[in-house]
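Trainee: I should like to practise reading a protein structure. May we work through one together, step by step?

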Amino acid sequence: QVQLVESGGGLVQPGGSLTLSCAASGLIFSSNGMSWYRQAPGKERELVASITGNGDSTDYADSVKGRFTISRHNLKRMVYLRMNSLKPEDTDLYYCSAPRLHAWGQGTQVTVSS
């Protein structure tokens, strides 16, 4: 059974930074691409960033390019999302996902506000 557990969300001021973490279990981690999504109430879930199984390729939504960085540590079975220069419009519930396995975490809330 795949389990994804996010952590690291919180309240941050505009311009600030946060790093989200996702701990994965129950899957062959290095064989799976991983993604971060976000969703605000009443809105569609948005793909934020993706990384391949071996970490050699990443992709980002236009809205976060140059500000967010996705990374992974396969031995630790962890995925990270470093978020810099945060804006109020980045406020959302952020989810870790193993898309090929249709697996999702429970989400971690990020709130950007002064």
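**Strand pairing and the disulfide**

Mentor: Let us begin with one pair of residues in this predicted model. Y94 has a residue standing opposite in β11. Which residue of β11 stands opposite Y94?

Trainee: Strand β9 covers residues 92–98, and strand β11 covers residues 108–112. These two strands pair over 3 bridges. Opposite Y94 stands T108.

Mentor: In which sense do β9 and β11 pair, parallel or antiparallel?

Trainee: The pairing of β9 with β11 rests on 3 bridges. Its sense is antiparallel.

Mentor: Strand β2 (residues 10–12) also pairs with β11. What is the bridge partner of V12 in β11?

Trainee: Strands β2 and β11 pair in the parallel sense, over 3 bridges. In β11, V12 has as its bridge partner V112.

Mentor: Which residues form the covered face of β11?

Trainee: Strand β11 has two faces, one covered and one uncovered. Q109 and T111 belong to the uncovered face. The covered face is formed by T108, V110 and V112.

Mentor: A disulfide is a covalent bond between the sulfur atoms of two cysteines. Which cysteine is joined to C22?

Trainee: The count of disulfides comes to 1. Its S to S distance is 2.1 Å, which lies within the 2.5 Å cut-off. C22 is joined to C96.

Mentor: How many residues apart are C22 and C96?

Trainee: C22 lies in strand β3 (residues 18–25), and C96 lies in strand β9. The disulfide therefore links distant parts of the chain, with a separation of 74 residues.

Mentor: Are C22 and C96 buried or exposed?

Trainee: The cut-off for a buried residue is under 20% relative accessible area. C22 and C96 both fall in that class, namely buried.

Technical notes:
Residues numbered from 1 in each chain as written. Predicted model: local features only at pLDDT ≥ 70, side-chain atom pairs only at ≥ 80, totals over all residues. Heavy atoms only, no water. Buried < 20%, exposed > 50% of the residue type's maximum accessible area, 1.4 Å probe, protein only. Helix = DSSP H or I, 4+ residues; strand = E, 2+ residues; numbered from the N terminus. Pairing = 2+ DSSP bridges.
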